Amino acid sequence: MSSDDRLRYVALGDSQTEGVGDGDDTVGLRGFADRLAETLAVHNSGVHYANLAVRGRLAGQVREEQLAPALALRPGLATVVAGVNDLLRPRFDADEVAGHLEAMFEELTARGARVATVTFPDVTRLIPLARPVGPRVTALNHRIRQAALRHGVVVAEIAHHPVATDPRLWSRDRLHTGPLGHARIAAALAHALGVPGSDDSWTRPLPDPNPAAPAGWRASAGELRWVASFAGPWLGRRLRGRSSGDGRTARRPELLPVGAGEGAAGPLDYGDRGRGATAGPESQSPGSGP
């Protein structure tokens with residue numbers, strides 16, 4: 001990634017890559033992919049960036065709907081981040097989900113793209129009621145690492161660092177990272193890719209280690225409120241075969257030039273400044289889910 005190279009970056013994924021939790025559908029979303037593109041633009045002339053992600057998509061749907069358009073854009077860099085929606089379904093097959101991710105890794109790298117992905121943090125530290133999901137996260141992360149190794153894919157090991165489950169990095173729905181979380185993911189990917197000026201500071205805890213989570217996140221009454229506001233409506237849509245992404249399309253389907261700091265929500269530091277933005281702006285109406 002020399003300063004003289006023109007870089008074509010394409011992001012594939014679900015709500016996290018779309019940017020849910022960082023901005024909203026009124027002012028616009030930003031998200032880790034936008035932030036990574038902005039970082040790349042500091043060191044590369046003529047960065048062009050497309051974001052094909054759509055919220056609510058399963059890994060198989062990301063492969064089916066986004067891989068071919070991504071290949072058509074001939075990316076030099078691609079990020080593939082998917083699987084969380086699969087983790088939360090009643091039926092989960094780690095091999096099947098990882099198989100879809102690996103197929104995308106294989107095709108993108110075969111066309112000359114450098115590919116990056118992430119491992120997922122243990123969401124049970126944020127959602128106590130989701131304890132059965134813990135082993136699923138471990139299993140999927142293990143398979144992501146194996147698939148990435150086979151195809152030379154860069155992995156940002158977010159799962160290894162406790163700060164990833166600091167409540168201040170997450171939105172109130174506990175299903176999407178907030179602005180600080182998206183900024184940390186972008187910094188993790190930049191570091192894993194070896195972008196000039198990047199380092200491991202994204203792994204550092206926020207001030208005041210082990211902060212007390214908002215009372216509603218611990219108390220049983222708060223858990224019930226969370227179920228009513230977010231988990232219940234999300235589960236209801238699943239039972240009806242619906243998704244928060246129904247009727248939606250990619251918000252940036254074409255490669256467009258990007259300049260540093262152009263995000264809709266404005267530049268936000270991923271470090272210790274921004275203590276006031278503990279959860280970030282709400283990106284969805286209550287209960288909209290991933």
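Trainee: Are tyrosine 9 and tyrosine 49 buried or exposed?
Mentor: In this predicted model, tyrosine 9 is buried, and tyrosine 49 is buried too.

Trainee: How many aromatic pairs does the structure hold?
Mentor: Just one aromatic pair. The partners are tyrosine 9 and tyrosine 49.

Trainee: Why is that pair called stacked?
Mentor: Start with the distance: the ring centres lie 5.2 Å apart, and the limit for a pair is within 6.5 Å. Then take the planes, which sit at 20°, while anything under 30 degrees counts as stacked. So the pair of tyrosine 9 and tyrosine 49 is stacked.

Trainee: What makes you say the pair ties parts together?
Mentor: Look at where the two residues sit. Tyrosine 9 belongs to strand β1 (residues 8-13) and tyrosine 49 to strand β4 (residues 48-51), so the pair links parts that are 40 residues apart in sequence.

Trainee: On to the helices. Why is α5 called roughly parallel to α6?
Mentor: The axes of α5 (residues 94-110) and α6 (residues 134-151) cross at roughly 25° and come within 9 Å. Angles under 35 degrees count as roughly parallel, and that makes α5 roughly parallel to α6. The crossing itself is right-handed.

Trainee: Which residues of α5 and α6 meet there?
Mentor: On the α5 side, among them are Val97, Leu101 and Phe105; on the α6 side, they include Leu140, Ile144 and Ala147. By class, the contact has 10 nonpolar, two polar and five charged residues.

Trainee: How do you know that isoleucine 158 is buried?
Mentor: Its relative accessibility is 9%, and the cut-off for buried is under 20%. Therefore isoleucine 158 counts as buried. You'll find isoleucine 158 in the loop between β7 (154-156) and α7 (179-193).

Trainee: What is isoleucine 158 in contact with, leaving aside neighbours within four places in sequence?
Mentor: The list is Val118, Thr119, Pro121, Ala164, Ile185, Ala188 and Trp202. Tryptophan 202 is 44 residues away along the chain, and its C-alpha atom is separated from that of isoleucine 158 by 9.4 Å.

Trainee: Why is arginine 74 called exposed?
Mentor: Arginine 74 has a relative accessible area of 58%. Exposed means over 50%, so arginine 74 is exposed.

Trainee: Where is arginine 74 found, and what is its phi?
Mentor: Arginine 74 is in the loop between α3 (59-72) and β5 (77-81). Its phi is positive, about 50°, although arginine 74 is not a glycine.

Note on methods:
Residues numbered from 1 in each chain as written. Predicted model: local features only at pLDDT ≥ 70, side-chain atom pairs only at ≥ 80, totals over all residues. Heavy atoms only, no water. Axes fitted to C-alpha atoms, helices over the stretch in contact; angles between N-to-C directions. Helix = DSSP H or I, 4+ residues; strand = E, 2+ residues; numbered from the N terminus. Parallel < 35°, antiparallel > 145°, perpendicular 65-115°, else oblique. Left-handed = near helix turned anticlockwise from the far one by under 90°. Contact = heavy atoms within 4.5 Å. Nonpolar A, V, L, I, M, F, W, Y, C, P; charged D, E, K, R; others polar. Phe/Tyr/Trp six-rings, centres within 6.5 Å; stacked < 30°, edge-to-face > 60°. Buried < 20%, exposed > 50% of the residue type's maximum accessible area, 1.4 Å probe, protein only.
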